[in-house]
Structure formats: structure tokens, C-alpha cells
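Reader: I would like to go through a model by way of its computed geometry. Please show it before we begin.

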Amino acid sequence: MEVILASRSPRRRELLKDLFEDFEVIPCDVEEKTSLKRGHAICQYLAKIKLGDLPTRRPDALIISADTVVYMDGRVYGKPQDERQAKKFLDELSGKRHSVYTGVAIYWQGDINVFYDKSYVTFKTLSERDKLDYIATLSPMDKAGGYGIQDSAVVKSYDGSYSNIVGLPMEKLKAQLAKILK
């Protein structure tokens, strides 16, 4: 079976290696914009559009795409555009608990199955120095919310699926694949 991961994320690539020995990585360039307002709806919609035209180009492949959003108080935190925005995200998330949604789309044999998982992350209360030091590592720049769960410099605790927060909810993905591929 040909398996394709439609994502640029090196973290998703590492997670998917736990399920598939061999797969291709083919990210699709799509505009990641939506007027949707709720975290679960946004991540599922974006995961689905990230399949791009791969189902048409590779109809016999199993194709997996995903999108992760950080959500707090009705606001979505995507990947910061620059260091200034990363700082703003850290200012707002510092000392607070927020939701992390990851939507996943699976294309297989003409059907698209979309689902999501939700976890919670609590930030440490960060000093100005903590924020600037963290931004200087450049770690915030390619991650939703401007941080990585693996970065103990900012994360106090989490509830739910760790892999969901990283960017691919492995427990739910395994269950969905078991249903789809039976």
C-alpha cells in the first residue's frame, strides 16, 4: 500500500514512522484561511484542504494530512509570522490553560474521513526574559501557538494526548485506520 503524508511538519513525519515503515511526504500548497471560528471546525477544515489535489493525482494511495490549532478565549493561535507575533502569543498564553486541536483527514479508496482530537496545555508564568530567551531559540516559529509541547521552558503541564499536541493524535489515528483499512 502506498502511503503519503501531506504535511511539511518534521514532527508529524516522526510520529507517522510509528505506524508505517515506508511513506512519502508530499505537502500541498494551499491557502490556510477560513472564516470558521471554533477550534474543532477550523482544524478539521484545514486538514481536509491540506489533502490538496493528491486524491486526484494519487487515487490508489492512503493519504494523511493534519492541522493543529491552539485555541483560547475564542481566539486561534496559528504559527507566528515573526518574532514580534511569537512574543505576543507568549504574552497572552503565559500562566494560562488553553486547548490544542488537531484535525486529521484520511483519504482512502475515494472516501475522506475527517476527525479531531483535543488536549489542554497549561503554560508556566513567563518573565520577559523567559519569553525573549525562548524566542531566541527560534523554536516558536514553525509551531501553532508559537511553542512546542516538548519545550519545558514554557509548558507547565498538559492533559490529554501528548501526540495530539505535537501535531498528530496517534491514538485516534490508529483507531481510525483500523476501521478504514479492515
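Author: What follows is a set of questions and answers on this predicted model.

Reader: What is the volume of the largest pocket?
Author: The pocket is lined by 43 residues. By class, 19 of these are nonpolar, eleven are polar and 13 are charged. The volume comes to about 990 Å³.

Reader: Which element gives the largest share of the lining of the largest pocket?
Author: The elements that contribute two or more residues to this lining are α1 (10-16), α2 (39-49), β3 (62-72), β4 (75-77), α4 (83-93) and α6 (162-166). The largest share is four residues, and the element that gives them is β3.

Reader: Which residues lie nearest the centre of the largest pocket?
Author: The lining has 43 residues in total, and five of them are named as nearest the centre. One of the five, T68, is found in strand β3. The residues nearest the centre are E32, D67, T68, G78 and K79.

Reader: Is T68 buried or exposed?
Author: The cut-off for buried is under 20% relative accessible area. The relative accessible area of T68 is 12%, so T68 is buried.

Reader: Which side chains make polar contacts with the side chain of T68?
Author: Leaving out residues up to four places away in sequence, T68 touches R12, V100, Y101, T102, A144, N164, I165 and G167. Its side chain has a polar contact of 3.1 Å with that of R12. Another polar contact, of 2.9 Å, joins the side chain of T68 to that of T102. The partners asked for are R12 and T102.

Reader: How many Å apart in space are K118 and H40, C-alpha to C-alpha?
Author: K118 is found in strand β6 (residues 111-123). In sequence, K118 and H40 are 78 residues apart. In space, their C-alpha atoms are 7.9 Å apart.

Reader: Which side chains make polar contacts with the side chain of K118?
Author: K118 is partly exposed, at 33% relative accessibility. Beyond four places in sequence, K118 touches S99, V100, Y101 and N164. The side chain of K118 makes a polar contact of 3.3 Å with that of Y101, and one of 3.1 Å with that of Y120. The partners are therefore Y101 and Y120.

Reader: Which residues is V25 in contact with, leaving aside neighbours within four places in sequence?
Author: V25 lies in strand β2 (residues 24-25) and is partly exposed, with a relative accessible area of 30%. D130 is 105 residues from V25 in sequence and 35 Å from V25 in space, C-alpha to C-alpha. The contacts of V25 are L5, S7 and R13.

Reader: Which residue caps the N-terminal end of α4?
Author: The buried residues of α4 are Q85, A86, K87, F89, L90 and L93, and what covers them includes β3, β4, β5 (97-108), β6 and α5. At the N-terminal end, a side-chain oxygen lies 3.2 Å from the backbone nitrogen of R84. That oxygen belongs to the capping residue, D82.

Reader: Why do the buried residues of α5 line one face of the helix, and what do they pack against?
Author: In α5 (residues 128-136), the buried residues are K131, Y134 and I135. Seen down the helix axis, they fall within an arc of 100 degrees, so they line one face. The face turned away from this buried side carries the exposed residues R129 and A136. The buried residues pack against α4.

Reader: What is the phi of L138?
Author: Most residues other than glycine have a negative phi. L138 follows α5 and is placed in the loop between α5 and β7 (155-159). Although L138 is not a glycine, its phi is positive, at about 70 degrees.

Reader: Where does D73 lie, and is it buried or exposed?
Author: D73 is not a glycine, yet it has a positive phi of about 50 degrees. D73 lies in the loop between β3 and β4. Its relative accessibility is 71%, against a cut-off of over 50% for exposed, so D73 counts as exposed.

Reader: Which residue just after α4 takes a positive phi?
Author: The phi in question is about 75 degrees. The residue is G95.

Notes
Residues numbered from 1 in each chain as written. Predicted model: local features only at pLDDT ≥ 70, side-chain atom pairs only at ≥ 80, totals over all residues. Heavy atoms only, no water. 1 Å grid on protein atoms, 1.4 Å probe; cavity = no way out; pocket = protein on both sides within 12 Å on 5 of 7 lines; lining within 4 Å. Points joined across faces, edges and corners; volume = space filled by probe spheres on them. Nonpolar A, V, L, I, M, F, W, Y, C, P; charged D, E, K, R; others polar. Buried < 20%, exposed > 50% of the residue type's maximum accessible area, 1.4 Å probe, protein only. Arc of directions from axis to C-beta. Contact = heavy atoms within 4.5 Å. Polar contact = N/O pair within 3.5 Å; in protein donor to acceptor, adjacent residues only side chain to side chain.
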